[in-house]
Amino acid sequence: MAVDRKRLQEEYRRIYSVVKVQLDDFDAYDLLAGGCPGDEFEQEAQMIASRLRRGMTALQIAHIMAEVMNKQFEPVFVPQDFLPFAGKIGRALHETEHI
């Protein structure tokens, strides 16, 4: 049975939203706290969300987050920096059906 495209898009938007909130909470370099616009981490959230799959561990998600953030900014982040945020993303992923 083919996955309903609309349902898949809704799940992706939901996961993207969770990733964006977690990146905003992490606030690399205090960019948001320093006055940068709220869309500061949108591209990174999209890059991370597109690589996530149901069943990933928090550590796997944290590795993706560190890889993306190091690519987009300076390579100063390690996966452990993102573990608390990745855990919240992992719980949201667990609730999806198709991602």
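This is a short walk through four helices and two buried residues of the structure above.

Before you start, note that the model is predicted, with local features needing pLDDT of at least 70 and side-chain atom pairs counting only at pLDDT 80 or more, while totals for chains, interfaces and linings use all residues. Residues are numbered from 1 along each chain as its sequence is written, and side-chain values use heavy atoms, leaving out hydrogens and water.

**Stop 1: helix α1**

Select residues 5–26, which form helix α1. Helices here are DSSP runs (H or I, at least four residues), numbered from the N terminus. α1 has 22 residues and reaches 31 Å from its first C-alpha to its last, close to the 32 Å expected at 1.5 Å a residue; the expected span is 1.5 Å times one less than the number of residues.

Now colour Glu11, Ile15, Tyr16, Val19, Lys20, Gln22, Leu23 and Phe26, the buried residues of α1. Buried means under 20% relative accessible area, with a 1.4 Å probe and protein chains only. Those buried residues pack against α2 (42–49), α3 (58–72) and α4 (79–94). Step just past α1 to find aspartate 27, which takes a positive phi of about 45 degrees.

**Stop 2: α1 against α2**

Add residues 42–49, helix α2. The axes of α1 and α2 come within 9 Å and cross at roughly 130 degrees. Axes are lines fitted to C-alpha atoms, for helices over the stretch in contact, and angles run from 0 to 180 degrees between N-to-C directions. That angle makes α1 oblique to α2; oblique covers whatever is left once angles under 35 degrees (roughly parallel), over 145 (roughly antiparallel) and 65 to 115 (roughly perpendicular) are set aside.

To see the contact (heavy atoms within 4.5 Å), show Tyr12, Ile15, Tyr16, Val19, Lys20 and Leu23 of α1 with Glu42, Glu44, Ala45, Gln46, Ile48 and Ala49 of α2.

**Stop 3: alanine 45**

Zoom in on alanine 45, which sits in helix α2. Is alanine 45 buried or exposed? Alanine 45 is buried, with a relative accessible area of 0%. Leaving aside neighbours within four places in sequence, alanine 45 is in contact with Tyr16, Val19, Lys20 and Leu23. Try a distance too: the C-alpha atoms of alanine 45 and valine 18 are separated by 8.8 Å, though the two residues are 27 apart along the chain.

**Stop 4: α2 against α3**

Next, bring in residues 58–72, helix α3. α2 and α3 pack at an angle of about 140 degrees, with their axes 10 Å apart. That makes α2 oblique to α3. On the α2 side look for Gln43, Glu44, Met47 and Ile48, which meet Ile64, Met65, Val68, Met69, Lys71 and Gln72 in α3.

**Stop 5: α3 against α4**

Finish the set with residues 79–94, helix α4. α3 and α4 pack at an angle of about 120 degrees, with their axes 7 Å apart. The two helices are therefore oblique to each other. Residues of α3 in this contact include Ala58, Ala62 and Met69, and those of α4 include Pro79, Phe82 and Leu93.

**Stop 6: phenylalanine 82**

End in helix α4 at phenylalanine 82, which is buried, with a relative accessible area of 0%. Which residues does phenylalanine 82 touch, not counting those up to four places away in sequence? Show Phe26, Ala62, Met65, Ala66, Met69 and Phe77 around phenylalanine 82 to see them. For a last distance, pick the C-alpha atoms of phenylalanine 82 and glycine 55, which are separated by 18 Å.

Conventions:
Buried < 20%, exposed > 50% of the residue type's maximum accessible area, 1.4 Å probe, protein only.
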